[in-house]
Amino acid sequence: MERIWITNGSTSIAPVVNPLAAACHDGYVPNTIYILENPLISKVTELVTTMMKTIVTAAGGDEPEITVEQIDDEVDFDAIISYLQDAIATGEGVDREVAVDVTPGRKFWSIISFQVGISKDVDHLFYIHLETGEYFGQVFPEIPRTAINLIDFTEEI
């Protein structure tokens with residue numbers, strides 16, 4: 001089965017890798033990952049892609065194929081929507097499961113990701129909720145399981 005993870009970049013590592021680590025911990029181990037970035041966050045994305053490969057392989061998966069798409073302007077809404085729609089459409093017609101992570105990135109990126117995910121009926125809409133700001137910026141292995149919650153909005157709405 002093809003398992004697709006779709007996310008956005010961020011100015012820091014934790015909001016991008018923590019949801020993936022939590023999903024892998026819960027059994028959703030993707031083999032294909034899509035990341036949207038802009039030039040301001042490309043250095044962070046380089047680090048994130050390496051960490052994502054480690055997270056997936058540590059969870060027992062094969063090294064994922066990672067595609068990074070860059071848009072020049074972070075408010076290019078048409079490009080953001082197109083990226084999401086194209087990534088979601090990947091592998092249509094085959095046995096696949098699609099997860100969209102709405103945790104990282106700018107708020108409007110998350111809102112657009114959420115709306116496109118709902119409209120395209122994805123299998124999972126993941127969001128990481130930290131119970132306290134004490135662990136903000138820390139990566140998944142450093143956060144007590146009682147302080148972090150992976151929410152799948154497809155199960156909530």
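# A guided tour of the model

Start by selecting D73, which sits in the loop between strand 3 (65–70) and helix 3 (77–89). What you have open is a predicted model. D73 has a relative accessible area of 41%, so D73 counts as partly exposed. Now add D72, D76 and D78 to your selection: together with D73 they gather in a patch of negative charge on the surface.

**Stop 1: aromatic rings**

Next, turn to the ring-bearing side chains. A pair of aromatic rings is described by the distance of the centres and the angle of the planes. How many aromatic pairs are there in this model? The count comes to 6 aromatic pairs.

For one of them, select F77 and F108: the ring centres are 5.7 Å apart and the planes stand at 90°, so this pair is edge-to-face. Follow the chain between the two and you will see that the pair links distant parts, with F77 in helix 3 and F108 in helix 4 (residues 107–119), 31 residues apart. Show the surface here if you like: F77 is partly exposed at 41% relative accessible area, and F108 is partly exposed too, at 23%.

Now move along to F114 and F153. Their ring centres lie 5.5 Å apart with planes at 75°, so this pair is edge-to-face. Here helix 4, which holds F114, is linked to helix 5 (residues 153–156), which holds F153, and the two residues are 39 apart along the chain. The relative accessible area of F114 is 25%, so F114 is partly exposed. F153, at 23%, is partly exposed as well.

Before leaving the rings, select W5, Y28 and F126. Ring pairs link these residues into a cluster.

**Stop 2: opposite charges**

Side chains of opposite charge can pair when their charged atoms come close. By this kind of pairing, the model has 4 salt bridges.

Select E97 and R3, and look for their closest N and O atoms, which are 3.1 Å apart in a salt bridge. E97 belongs to strand 4 (residues 96–101) and R3 to strand 1 (residues 2–8), so the bridge ties together parts that are 94 residues apart in sequence. Is E97 buried or exposed? With a relative accessible area of 14%, E97 is buried. Its partner R3 is partly exposed, at 21%.

Then pick K53 and E63, whose side chains meet in a salt bridge of 3.9 Å, N to O. K53 is in helix 2 (residues 42–58) and E63 is in the loop between helix 2 and strand 3, 10 residues apart. K53 is partly exposed at 30% relative accessible area, while E63 is exposed at 55%.

A further salt bridge joins R96 and E92, where the closest N and O atoms are 3.9 Å apart. R96 is partly exposed, with a relative accessible area of 21%, and E92 is exposed, with 56%.

**Stop 3: around strand 5**

Select D121, in the loop between helix 4 and strand 5 (124–130). Check its backbone: D121 has a positive phi of about 55°, although D121 is not a glycine. D121 is exposed, with a relative accessible area of 65%.

For your last selection, step into strand 5 and choose I128. Is I128 buried or exposed? At 8% relative accessibility, I128 counts as buried. Add T103 to the view: the C-alpha atoms of I128 and T103 are separated by 6.0 Å, although the two residues are 25 apart along the chain.

How values were computed: Residues are numbered from 1 along each chain as its sequence is written. This is a predicted model: local features need pLDDT of at least 70, side-chain atom pairs count only at pLDDT 80 or more; totals for chains, interfaces and linings use all residues. Side-chain values use heavy atoms; hydrogens and water are left out. Patches are made of residues with over 30% relative accessible area and no salt bridge: like charges are joined within 9 Å, nonpolar side chains (Val, Leu, Ile, Met, Phe, Trp, Tyr) within 5 Å. Accessible areas come from the Shrake-Rupley method with a 1.4 Å probe; for residues, only the protein chains shown count as cover. Lys and Arg count as positive and Asp and Glu as negative; His and the chain ends are not counted. The place of a charge is taken as NZ of Lys, CZ of Arg, CG of Asp or CD of Glu. Helices (H or I, at least four residues) and strands (E, at least two) are DSSP runs, numbered from the N terminus. Buried means under 20% relative accessible area, exposed over 50%, partly exposed in between (1.4 Å probe, protein chains only). Rings of Phe, Tyr and Trp (its six-membered ring) pair if their centres lie within 6.5 Å; planes under 30 degrees apart count as stacked, over 60 as edge-to-face and the rest as tilted.
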